[in-house]
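Reader: Hello! I am new to this structure and would like a close look at a single part of it. Could you take me through it slowly?

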Amino acid sequence: MTGSQEDAGDLSFSAVERRLKAYLVALWGLRVPVRPAAPDAVDGVPRRVSFGDGLVWMPETFRGVAGQRAADLFRASLAHVGAHLRHSGPRFPAGSLKPLQIALVSLVEDARVERLAMRGHPGLFRVWAPFHLARPGGAATAPALMARLARALFDPAYEDDDAWVDKGRRLFAERSARWEDPSISREIGNLLGNDLGQMRVQFNARTHVVEPAYRDDNAGLWDFGGDPPQGLEAETVYEAFRTEHEEVEDGAPQADPGPTPPEAPPPSAPAAPPQAEEILAPPVRYPEWDYLIGRERPDWVRVEERSAYEGSAASIDRTLDRHRAVADRLTALVRSARVSRPAWLRRQPEGDRLDLDACIEAALDRRRGESPGTRVYATLARRHRDLSVLLLLDVSASTSDLVRGTTRTILTVEREATALFAHVLEELGDPFAVHAFRSNGREEVRYYRIKDFRRPYGPAAKARLAGLEAGLSTRLGTALRHAGRSLARQPTHRRLLLVVTDGEPSDVDVADRRYLAEDARRAVLGLSHLGIDCFGIGLDPQGRTYLARMFGQRNFMVIDRVERLPEKLPALYLRLTH
């Protein structure tokens, strides 16, 4: 691409992808898959580059940056990620660190790897320096001070009269002999975090975006594994912290696109569980579709990832014992599903038989005087399973209702079905996750990660599943968007989102019954554009109309007898994926 082409309009990642990958190999000798970040964020534009699990996710465009500067920003971002891959050590254990401490430790680690990179490649200073725009003076806000500190640690010639920035520079310089040791980032970051707290400087984790713009969102630096409190999964905070950096605007007020959706009189929300839940990470904001004005309301709904209560993991094991006959039948189905199906691969250079269509085309080529193709064979090969699935559970207040003719609640049946579902997925070896949600108005959509991708389905996950409690309402569209974000990152060919719900979407601040159903339908369409298949499982015998509206005529199933859900859910999955 010529320079004049680059200057015309916004430059996209796909336009320079090949050159960026070659640049990464030439600079660092690294062949790392670089993929466009999933465009399901606000405005469809992630804010920063991200890396982790052997992959790099690059925004398709950087908002407000065009032409040659966009090309320079792509190059600077990839060079920075390469410095992390070359010089960062194992992920930092997050422990009980607060978001401010995480942000500061990440800032120091960014500076550490860049200084090490510039020792071997001094020219990188010219690549990164144009994006350090912080200046001395101005309001002493947390974002401004952190941007000034980032420049002070990067550029020894930069001068700043702020005592906190100067202390950060001094601590970093004093440890120059230990720059090869990643632990200094945590040491310095914790000290500076304590000082910033004593200065009463407010840090808003919801609006924080890493500066300068070429730096990554630091998701690849942190590990929430081990035994975090209240059964916290590693990726719960990891992905929410990354999501927040990519998606949340800088606090600028958004223009109101029209009248607010019809609101119900202020009825009290269904009672929430009595125990206090811990918010595990900075909240994330999503758009919501308003069918009355035909537009999405940006940053309209707020998702909070919360800790799930822990119950008895042994009760989940007892569920399998009670449903042993069903489990045995499912195991037999699993054995047949695990065997790869044979399929004919056509237009091969050699094979077991001739490919008739390819032979006809070759004959036509000869009649036209052209050189015929040589790929005229077909061979029989086995197709391997390549899919991942996320099961999303509605745990709103209505799931505390008793199943007709039994003493069990709908939530109890959902829990038993999930236990059998997880048993089947463990047998198959398909990557899977189990999440749950409920809501209390648009500012409080609660989201729970029971079992996440790449995490074991062990006692901790079973305890979280056993501890699920019913409460509040059902803002389904927002939960679908948040679940789809996790699923979009899975590197499988097929990605399936299964939703179990017992009723029509509703919430305490919406009186129009159609409003949230239309938003859920819009969310399903958005996920389909990302290659994610959504399938709804309804437990409401009267729910066929709204389920068909949200998921499509062929992408839902109504279970009239709720007590059969434990048997139907795993069998449905095997049918959908065989």
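Which strands does helix α13 lie across?

Author: Happy to walk you through it. Please keep in mind that this is a predicted model. Helix α13, made of residues 410-428, lies across three strands: β11 (387-394), β12 and β14 (494-501). Against β11, the helix runs at about 170 degrees.

Now let us turn to the sheet itself. These strands belong to an open sheet of eight strands, with mixed pairing. Reading across the sheet, you meet β6, β7, β13, β12, β11, β14, β15 and β16 in that order. The edges are held by β6 (284-290) and β16 (556-558); each has a single partner strand, so one side of each is left without a neighbour in the sheet. On average, neighbouring strands here are turned by 25 degrees against each other, direction ignored.

A second helix can be described in a similar way. Helix α17, residues 544-551, lies across β14, β15 (532-538) and β16. With respect to β16, helix α17 runs at about 165 degrees. Strand β14 thus appears in both descriptions: α13 lies across β14, and α17 lies across β14 as well.

Next, follow β12 to its neighbour β13. Strand β12 covers residues 432-439 and strand β13 covers residues 445-451; the two run antiparallel and are joined by six bridges. One place to look is Ser439, whose bridge partner in β13 is Val445. While you are there, find Lys451 and Phe432: the charged end of Lys451 sits over the ring of Phe432, 4.1 Å from the ring's centre. Phe432 is in the residue range of β12, and Lys451 is in that of β13.

Arg489 and Trp57 offer another contact of this kind to look up. The charged end of Arg489 sits over the ring of Trp57, 5.4 Å from the centre of that ring.

If you would like to look at rings facing other rings, the model has nine aromatic pairs. In one of them, the ring centres of Phe92 and Trp222 are 5.4 Å apart and the planes stand at 45 degrees, so the pair is tilted. Phe92 lies in strand β4 (residues 92-93) and Trp222 in strand β5 (residues 222-223), so this pair ties together parts that are 130 residues apart in sequence. Phe92 and Trp222 are both buried.

Definitions and conventions. Residues are numbered from 1 along each chain as its sequence is written. This is a predicted model: local features need pLDDT of at least 70, side-chain atom pairs count only at pLDDT 80 or more; totals for chains, interfaces and linings use all residues. Side-chain values use heavy atoms; hydrogens and water are left out. Two strands pair if DSSP finds at least two bridges between them. Helices (H or I, at least four residues) and strands (E, at least two) are DSSP runs, numbered from the N terminus. Axes are lines fitted to C-alpha atoms, for helices over the stretch in contact, and angles run from 0 to 180 degrees between N-to-C directions. Contact means heavy atoms within 4.5 Å. Rings of Phe, Tyr and Trp (its six-membered ring) pair if their centres lie within 6.5 Å; planes under 30 degrees apart count as stacked, over 60 as edge-to-face and the rest as tilted. Buried means under 20% relative accessible area, exposed over 50%, partly exposed in between (1.4 Å probe, protein chains only). A charge sits over a ring if NZ of Lys or CZ of Arg is within 6 Å of the ring centre and within 35 degrees of the ring normal.
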